[in-house]
Amino acid sequence: MPAVSKGDGMRGLAVFISDIRNCKSKEAEIKRINKELANIRSKFKGDKALDGYSKKKYVCKLLFIFLLGHDIDFGHMEAVNLLSSNKYTEKQIGYLFISVLVNSNSELIRLINNAIKNDLASRNPTFMCLALHCIANVGSREMAEAFASEIPRILVAGDTMDSVKQSAALCLLRLYKTSPDLVLMGEWTSRVVHLLNDQHMGVVTAAISLITCLSQKNPEEFKTCVSLAVSRLSRIVSSASTDLQDYTYYFVPAPWLSCKLLRLLQCYPPPEDGAVKGRLVECLETILNKAQEPPKSKKVQHSNAKNAILFEAIALIIHYDSEPNLLVRACNQLGQFLQHRETNLRYLALESMCTLASSEFSHEAVKTHIETVISALKTERDVSVRQRAADLLYAMCDRSNAKQIVAEMLSYLETADYSIREEMVLKVAILAEKYAVDYSWYVDTILNLIRIAGDYVSEEVWYRVIQIVINRDDVQGYAAKTVFEALQAPACHENMVKVGGYILGEFGNLIAGDPRSSPLIQFNLLHSKFHLCSVPTRALLLSTYIKFINLFPETKSTIQEVLRCDSQIRNSDVELQQRAVEYLKLSSIASTDVLATVLEEMPPFPERESSILAKLKKKKGPGAVSGSELEEGKRDGGELNGGAERGIDAAATIASNASTPSPSADLLGLRSGAPAGTAAPSASSLLVDVFSEAAPAAPSAVAEENFLSSAPNSCSFGAEECSPPLPESDELLNKFVCKNNGVLFENQLLQIGVKSEYRQNLGRMYLFYGNKTSVQFLNFSTAVTCPGELQSQLNVQTKPAEPVVEGGAQVQQVLNIECLSDFSEAPLLNIKFRYGGALQNITLKLPITINKFFQPTEMSSQDFFQRWKQLSLPQQEAQKIFKAKNAMDAEVLKAKLLGLGTALLENVDPNPENFVCAGVIQTKAKQVGCLLRLEPNAQAQMYRLTLRSSKDTVSKRLCELLAEQF
């Protein structure tokens with residue numbers, strides 16, 4: 001294509017650029033630019049008969065000035081006029097100026113569109129390419145509306161030149177990415193797919209980028225591309241480097257096209273046609289064979305191109321996960337890269353093997369490289385490679401090698417980089433728990449973990465070990481003995497003191513028979529650490545001391561003396577002071593029977609999934625995790641955290657009753673079994689967000705009979721004078737799609753918490769309004785409204801809230817909910833009150849969504865796919881392909897899908913990476929069956945979500961809700 005050159009004779013432009021480069025200071029440059037701008041402005045305004053050459057020269061100068069960082073507010077019309085020129089160089093400068101400087105909302109867009117239409121209709125390939133490049137560069141919705149139907153016609157027309165086809169394909173791709181709803185292929189689909197058979201390799205390369213993007217959105221519509229992609233890939237792989245001379249890169253035939261073909265195939269399951277599948281397997285085997293051949297060139301470009309194809313082929317093999325032979329060969333090939341001198345190859349090999357380790361076909365093959373991976377963990381210079389080695393060890397771990405891997409990871413922890421220590425600690429804790437046959441080994445491992453990397457042991461880890469010790473009678477004595485010995489070390493980490501205080505407080509009596517660990521020695525050992533600990537740990541130790549009085553009456557006088565000293569009962573920290581005073585009083589006035597009842601051993605915790613898994617997944621990825629992700633990730637962890645702390649503090653809870661809350665108190669009542677009443681006034685700092693940390697407390701059961709009879713105020717109560725919902729209402733609503741408890745809203749004045757439960761088509765929601773200030777809220781009132789059709793779909797009734805909310809206090813409101821039929825909108829909650837004389841008016845969306853009324857349904861694989869085929873009408877399906885917003889982790893995905901309310905069906909989908917769920921939405925009018933399929937693509941960091949239900953509006957709404965969760 002022609003380019004602007006010295007032959008164009010824009011001497012004035014060359015002189016101007018030279019002047020700018022010769023400026024000695026910024027001030028001189030600005031002065032010269034301002035002089036030139038004044039000259040150009042006078043030329044545009046004064047001389048109406050500027051020829052094309054002059055316009056081109058002045059527009060070029062304006063473009064150069066803009067690229068120097070100065071604003072340009074004129075010359076746009078002259079650039080548009082250049083588009084009508086028949087000279088390539090003038091038209092090129094006009095399009096270049098428009099692509100860089102014209103805003104998509106400019107008033108000139110219509111004139112520009114007319115010029116582009118003329119060029120597209122001109123059949124001049126050079127002008128057509130310029131117009132297509134401009135459309136792609138601007139990419140505005142207006143241009144998509146104007147040309148989305150025209151460009152596919154140009155793309156598939158038989159008389160269109162190859163260079164124009166390339167530009168048209170990439171232009172259409174750009175428009176599809178910006179305005180997918182406007183780019184409808186329709187009748188052009190089959191002809192676009194058949195571009196994969198085009199003779200021109202450049203056309204195929206451009207077309208495959210477009211087809212890949214379209215396939216991710218509409219896989220069924222473009223599924224015919226699979227056989228064509230396999231055919232084209234086969235021809236490239238089997239060709240010699242001389243066959244595709246123009247597209248051979250350092251002896252590798254068409255490497256970019258090969259990679260794109262392999263990526264396209266990753267959008268689909270393995271081909272059903274036996275011949276196509278056989279041909280594809282042959283291609284993949286050929287790629288693996290070529291990787292074993294001696295290199296044809298020593299140039300790094302040759303090895304890069306060759307390895308790029310190899311890694312894409314391995315990614316496709318992993319995606320299919322159905323060819324054991326190929327999976328093992330891929331694993332062996334990656335194993336060779338583990339000791340390659342190129343760091344990037346070692347990194348990619350470790351990363352790919354992490355995925356292979358999850359396949360039943362290749363797991364054993366991955367395990368054969370354990371020694372190499374351990375060596376990489378110890379000797380690699382690059383921290384990112386060491387981290388991938390740790391990931392691979394974690395992935396390949398099973399019962400046969402768990403002790404070896406955990407021992408190696410513990411050994412590495414002592415010298416590990418600080419940036420990955422916390423993640424390593426979590427992995428060791430998970431593996432020790434998951435593969436512990438002997439729980440004494442588990443206790444030893446966790447205590448060793450605390451000793452080596454105590455600063456990086458999160459609360460989830462030591463809470464978990466306490467939960468397991470309490471739940472297993474056979475390990476309690478060993479745990480008490482081991483932690484007692486660990487506490488005797490001169491330098492003892494605070495987390496070890498916490499574990500020791502808890503376990504000895506519960507099970508110290510199991511080792512008290514040994515004179516070396518008598519009750520008094522246990523107490524003195526713990527108390528020797530007391531003054532070195534933080535306030536929360538001291539509070540825990542005080543609870544241990546009162547437990548000792550129950551376990552060992554002979555220590556009563558010694559412990560009372562400690563509690564009675566001024567450093568305790570007059571401590572500046574209100575929590576420590578309160579515990580000391582109440583424990584002292586409890587030990588003085590309570591009888592032995594009362595003490596035994598109040599301070600009895602903690603009952604076993606309910607079995608639940610480990611919270612450490614969610615904690616580990618949040619550590620994935622290079623960036624920090626946002627607050628909202630942390631909250632969601634801790635849903636399981638919060639139950640354990642609240643439970644463990646509740647155990648050792650049981651005495652404190654009973655003794656203090658309704659006394660002043662501590663800084664860590666649960667002011668909104670989410671840790672208690674039943675909803676709390678109005679809290680006592682306290683400082684504003686006492687209002688804390690405890691929802692993400694607390695166990696979902698179960699409110700009283702929802703009564704099916706006379707469910708709504710006790711609530712006089714209906715959904716439309718108080719609908720007048722409501723302000724519009726806050727802009728962030730939808731975002732706040734989305735946080736509750738997969739959970740029932742949390743903080744709905746918080747500003748400097750007010751905190752609103754939610755707890756809810758649902759059964760069949762009924763639900764009950766508790767709203768907690770917390771006053772964060774020290775001033776009363778007067779005329780406090782709330783109203784729930786159901787806009788539009790929602791009044792006939794949902795029945796929400798509520799009792800009035802208390803009209804006055806004291807400073808630092810909270811009030812509770814109960815909502816009774818009945819789902820009459822399926823719905824899409826959410827009810828509105830309006831809160832009004834006066835603060836300091838000013839009226840506050842807040843409107844939010846209540847977190848009531850259609851999935852709350854799910855009834856989980858277990859199904860076999862046969863039943864699932866039979867029902868899936870029955871729901872095959874287009875209107876019954878909703879599908880969405882979207883980019884992953886968070887780290888793609890199977891455990892987090894499972895937690896969210898279970899939180900949705902459906903049953904997660906195991907071993908149903910042929911691809912183990914996919915998730916399938918089933919459930920029935922219960923409404924008063926009818927039951928709506930729903931099936932869900934979530935297909936993660938870790939390589940592309942994309943999801944495909946498909947929902948099928950017997951009612952189209954339900955499929956669409958659930959798809960919208962769930963797509964925002966990942």
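Which residues does I116 touch, not counting residues up to four places away in sequence? The answer is Y95, A131, C134, I135, M143 and F147. Please keep in mind as you look around that this is a predicted model. Below is a short tour of its nonpolar cores, a surface patch, its cysteines and two buried helix residues.

**Nonpolar cores**

- The largest nonpolar core has 201 residues, and I112, I116 and L449 are the ones that touch the most other members.
- Another core lies apart from it and has 62 residues, among them I831, I848, V954 and L958.
- As general background, nonpolar side chains tend to be buried together in soluble globular proteins.

**A nonpolar patch on the surface**

- L67, L96 and V100 form a nonpolar patch on the surface, and together they have about 270 Å² of accessible area.
- Within this patch, V100 belongs to helix α5, which covers residues 88–101.
- Is V100 buried or partly exposed? V100 counts as partly exposed because its relative accessible area is 36%, which falls between the 20% and 50% limits.

**Cysteines**

- How many disulfides does a search of the whole structure find? The search comes back with 0.
- C171 fits that result, being in no disulfide: the nearest cysteine sulfur belongs to C134 and is 9.2 Å away. For a disulfide, the two sulfur atoms would have to be within 2.5 Å, so this pair does not qualify.
- C171 is buried, with a relative accessible area of 1%.
- C129 is buried too, at a relative accessible area of 2%.
- C134, whose sulfur is the nearest one to that of C171, is also one of the residues that I116 touches.

**F864 and its surroundings**

- F864 sits in helix α40, made up of residues 861–870.
- Its relative accessible area is 1%, so F864 is buried.
- Leaving out residues up to four places away in sequence, F864 touches M859, L905, V908, V916, C917, L931 and L932.
- One of these contacts, C917, is 53 residues from F864 along the chain, and the C-alpha atoms of the two are separated by 9.1 Å.

**Q793 and its surroundings**

- Q793 is located in helix α39, which spans residues 790–793.
- Why does Q793 count as buried? Its relative accessibility is 14%, and the cut-off for buried is under 20%.
- Residues touched by Q793, again without those up to four places away in sequence, are E818, C819, L820, S821, D822, F823 and S824.

Technical notes: Residues are numbered from 1 along each chain as its sequence is written. This is a predicted model: local features need pLDDT of at least 70, side-chain atom pairs count only at pLDDT 80 or more; totals for chains, interfaces and linings use all residues. Side-chain values use heavy atoms; hydrogens and water are left out. Helices (H or I, at least four residues) and strands (E, at least two) are DSSP runs, numbered from the N terminus. Buried means under 20% relative accessible area, exposed over 50%, partly exposed in between (1.4 Å probe, protein chains only). Contact means heavy atoms within 4.5 Å. Patches are made of residues with over 30% relative accessible area and no salt bridge: like charges are joined within 9 Å, nonpolar side chains (Val, Leu, Ile, Met, Phe, Trp, Tyr) within 5 Å. Accessible areas come from the Shrake-Rupley method with a 1.4 Å probe; for residues, only the protein chains shown count as cover. A salt bridge is a side-chain nitrogen of Lys or Arg within 4 Å of a carboxyl oxygen of Asp or Glu. A nonpolar core is a set of buried Ala, Val, Leu, Ile, Met, Phe, Trp, Tyr and Cys residues joined through side-chain atoms within 4.5 Å.
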